[in-house]
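Got a few minutes? Let's walk through a protein together, one topic at a time.

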Amino acid sequence: MNNEKITNSKILIIDDDVNMMDILSVILKKYGHIVNTYTEPVSAIEELKNNKYDILIVNYLMTPVNGDRIVELVREFDKEIYIILMSMHKDLAPSIETMQSLDIQAYFEKSTQFDQLIMFIQTGIKYIEQLRKIKNMKLQLEQYLIDFAQILLNTVGAKDNYTEKHSIRVTRLSLYFANYLTLDKKDIETLNLAASFHDIGKIGIPDKILLKEDKLTDEEFDQIKFHPTLGANILRVSNIFKDVCPIIESHHERYDGKGYPNKLKGEEIPYLARLLTICDSFDAIVAKRPYKEAKTIEYALEEINRGKGSQFDKNLAEKFITMVNENKSEIEKILSNV
Ligand SMILES: [Fe+2]
Ligand SMILES: [Fe+2]
């Protein structure tokens with residue numbers, strides 16, 4: 001995110017009065033701003049969708065679409081742009097309610113001095129700079145929290161190298177699968193965090209169980225079963241993990257309701273958790289552990305196939321199998337380069 005001062009703000013003007021727009025454009029360019037003008041709202045909105053602008057100056061009364069309707073459409077996809085509405089005369093000014101509901105920051109009368117408009121633009125630039133600073137600080141804070149979670153995971157890794165490497169492989173597999181399924185950006189970001197930290201709760205499992213090389217007793221396995229809840233509880237302290245925690249908590253649930261910790265069934269299990277479970281199990285099968293040999297990809301796919309509808313979401317399991325079969329060399333790379 002850009003944190004530097006805006007020297008040349010990008011301004012888009014929409015007005016059906018070409019002469020007025022030309023005058024405005026010349027003045028604003030003299031102040032060093034980058035100005036684009038449009039008489040036609042549809043192409044102006046298209047331009048705003050495709051390119052980031054700092055300030056929008058729009059005439060209130062126009063045919064066939066009024067300025068307030070244009071602002072309404074722009075606000076659907078851009079909440080940040082600083083909007084100045086203008087009209088010929090104060091009798092034709094929009095109501096305060098319209099200004100507030102559409103988050104229009106300033107109103108300018110064409111009949112008054114242009115100095116006032118320049119002032120509004122300077123205020124707009126300061127507003128946008130502040131907004132970017134706040135956004136930047138928020139992003140930085142989020143990154144600190146993610147780094148901190150990574151430190152916690154590394155402490156698990158310092159004792160149990162498997163969990164660290166397994167988490168990396170599961171994250172890569174999950175993201176590969178999510179892209180294959182063309183999930184949206186937000187889901188991919190959530191899944192990235194959930195997969196990276198899905199076993200972070202193992203930090204709370206005693207070493208003698210976590211590092212045991214023999215088969216676990218039932219009592220020991222009962223303790224292992226706490227790790228999804230422990231993991232979700234660790235990350236729940238921060239709001240940035242709010243969508244991630246339910247996925248971490250559910251990554252050992254089974255589609256038939258026989259999983260743990262909450263015995264969720266079918267679609268009660270979050271979609272991203274159902275997806276993560278398949279990648280998690282696939283990696284656990286192919287990985288070599290002290291108590292078991294590494295299995296082939298083909299064997300792991302047979303296991304996933306056997307578990308569809310019982311352990312796994314049938315639809316997702318089938319898609320996963322097709323994906324791996326279609327992209328075997330890529331999957332082998334994901335599994336081996338850790
Ligand atoms: Fe796990
Ligand atoms: Fe895992």
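Here's a quick tour of two metal sites and two helix pairs.

This is a predicted model, where local features need pLDDT of at least 70, side-chain atom pairs count only at pLDDT 80 or more, and totals for chains, interfaces and linings use all residues. Residues are numbered from 1 along each chain as its sequence is written, chains are lettered from A and ligands numbered from 1 in the order in which they are written, and side-chain values use heavy atoms, leaving out hydrogens and water.

**The iron ions**

- The iron ion (ligand 1) is held by Asp-199 (OD), His-227 (NE2), His-251 (NE2) and His-252 (NE2), at 2.1 to 2.3 Å.
- A donor here is an N, O or S atom within 2.8 Å of the metal (3.2 Å for Na, K and Ca), and since water is not among the atoms, sites may look incomplete.
- The four donor atoms of the iron ion (ligand 1) subtend angles of 84 to 175°, so the arrangement is irregular.
- "Irregular" is whatever fits none of these: tetrahedral (four donors, all angles between 85 and 135 degrees), or square planar (four) and octahedral (six), with opposite donors over 155 degrees apart and all others between 65 and 115.
- For the iron ion (ligand 2), the protein donors are His-166 (NE2), His-198 (NE2), Asp-199 (OD) and Asp-280 (OD), lying 2.2 to 2.3 Å away.
- The site of the iron ion (ligand 2) is irregular as well, with angles of 75 to 170° among its four donor atoms.
- Asp-199 coordinates both iron ions, which sit 3.6 Å apart.
- Asp-199 lies in the loop between α7 and α8 while Asp-280 is in helix α12, so this pair ties together parts 81 residues apart in sequence.

**Helices α1 and α5**

- Helices are DSSP runs (H or I, at least four residues), numbered from the N terminus.
- The axes of α1 (residues 18-30) and α5 (residues 114-159) come within 11 Å and cross at roughly 60°.
- That makes α1 oblique to α5, oblique being what's left after roughly parallel (under 35 degrees), roughly antiparallel (over 145) and roughly perpendicular (65 to 115).
- Axes are lines fitted to C-alpha atoms over the stretch in contact, and angles run from 0 to 180 degrees between N-to-C directions.

**Helices α6 and α7**

- The axes of α6 (residues 161-180) and α7 come within 8 Å and cross at roughly 160°.
- α6 and α7 are therefore roughly antiparallel to each other.

Methods: Helix = DSSP H or I, 4+ residues; strand = E, 2+ residues; numbered from the N terminus.
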